[in-house]
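User: I would like a close look at one residue in this model, followed by a connected account of the fold around it. Please state the cut-offs as you go.
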Amino acid sequence: MFDRDFSTPDAQAKTERPLAVIFDLDGTLLDTEPLYTLSAQRVAARFGKSFDWTLKSQTMGGDAEFGAELVVRTLGLPISPAEYLSERYAILRQLFLETSAMPGAESCVRALQSAGVPVAIGTSSYAELCDLKWTNFPWISSIGVKVCGDDPEVKARKPAPDIFLLAARRLGVAPERCVVFEDSPAGVTAAKRAGMRVVVIKARELDAALVAHADRVLNHFDELDYALLGL
């Protein structure tokens, strides 16, 4: 199914073919990261503060509560992390009505499915927001294994490995035989902690050094060499 030359720092993994692919959602399959940025900027601007990429890079892809605490503390916002999240979620519920797919994401997912490769989604985003985001994308909705950040079996969100380990378990594939597609530093760390190989679809604004621990760093899906995935 896959070839054996997928680069990895793990010597044992080099001898074993990956058998499944796990996709992050935000910024990987769906172009929602700009919406998260916009919602955070709107909340911060209400208090005369600025939410920039330096701060975003520390919060993207990870635990929402941790990110909220960091933003409130760093910007000195006169609201609690819970109030910040509530206000931001209200904005996101409207913004997600206009969600678009990342270029090349659908083709990648369909190519894998057509080749019989098991695929899953592993995201820190909560199920309520996930349902809003992928409702207009049948190619995402049809993916059978989807692990969201508030899944009762997830004890800790990214950068902890729980989400990816749970996705692998539900796929019935050993973690070291999985390849993860991610876009965030927290997501790469989570996948590596799970013992998986990682391909990053990097946002233009993100410092490449923050995802240097990935096995591949691409600017978009069109740069993916499908021979690496045995297609």
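What is the relative accessible area of Asp207?

Analyst: The relative accessible area of Asp207 is 46%, which puts this residue in the partly exposed class; with a 1.4 Å probe and protein chains only, buried stands for under 20%, exposed for over 50%, and partly exposed for what lies in between. This is a predicted model, in which local features need pLDDT of at least 70 and side-chain atom pairs count only at pLDDT 80 or more, while totals for chains, interfaces and linings use all residues. Residues are numbered from 1 along each chain as its sequence is written, and side-chain values use heavy atoms, with hydrogens and water left out.

Asp207 sits in the loop between S5 and strand S6 (216-218), where strands are DSSP runs of E with at least two residues, helices are runs of H or I with at least four, and both are numbered from the N terminus. Between the C-alpha atoms of Asp207 and Leu85, which are 122 residues apart along the chain, the separation is 26 Å.

To place that loop in the whole, the protein chain has 10 helices and six strands. Its radius of gyration, taken over C-alpha atoms, is 17 Å, close to the 17 Å that the globule rule gives for 231 residues, so the chain is as compact as a globular protein of that length; the rule is 2.2 Å times the number of residues to the power 0.38. The C-alpha trace spans about 55 × 35 × 35 Å along its principal axes, and 52% of the 231 residues count as buried. Among contacts (heavy atoms within 4.5 Å) with a separation of 6 or more, 64% are between residues 24 or more positions apart.

Several elements meet in the interior. The largest nonpolar core, a set of buried Ala, Val, Leu, Ile, Met, Phe, Trp, Tyr and Cys residues joined through side-chain atoms within 4.5 Å, has 27 residues, of which Phe23, Leu25, Leu29, Ile140 and Phe181 touch the most other members. At least two residues each come from S1 (20-23), H6 (105-114), S2 (119-122), H7 (127-134), H8 (138-141), S4 (178-182) and S5 (197-201), with H6 giving the largest share, four residues. In soluble globular proteins, nonpolar side chains tend to be buried together. A second, separate core of 26 residues includes Ala168, Val173, Leu206 and Val211.

The first core can be followed through Leu25, which, leaving aside residues up to four places away in sequence, touches Leu30, Ile121, Thr123, Cys130, Lys133, Trp134 and Ile140. Lys133, in helix H7, is buried at a relative accessible area of 1%, and with the same sequence neighbours left out, its contacts include Leu25, Asp26, Tyr36 and Phe96. From Lys133 to Pro34, 99 residues away in sequence, the C-alpha distance is 13 Å.

Before S5 comes the loop that holds Met196, which lies between H10 and S5 and is buried, with a relative accessible area of 2%. Beyond residues up to four places away in sequence, Met196 touches Ile22, Phe164, Leu165, Ala168, Pro175, Cys178, Val180, Ala191 and Asp215; its C-alpha atom is 9.7 Å from that of Ala168, 28 residues apart along the chain. Helix H10 (residues 185-193) has Pro185, Ala186, Gly187, Val188, Ala190 and Ala191 as its buried residues, and their cover includes helix H3 (53-59), helix H9 (162-171), S4 and S5. After H10 comes Gly195, with a positive phi near 80°.

Another aspartate offers a contrasting case: Asp63, in the loop between H3 and helix H4 (64-75), is buried at 17% relative accessible area. Neighbours within four places in sequence aside, Asp63 is in contact with Arg157 and Lys158. Lys158 is in turn joined to Pro159 by a cis peptide bond with omega about 15°, and Pro159 lies in the loop between strand S3 (145-147) and H9. In helix H4 itself lies Phe66, which is partly exposed at 47% relative accessibility.
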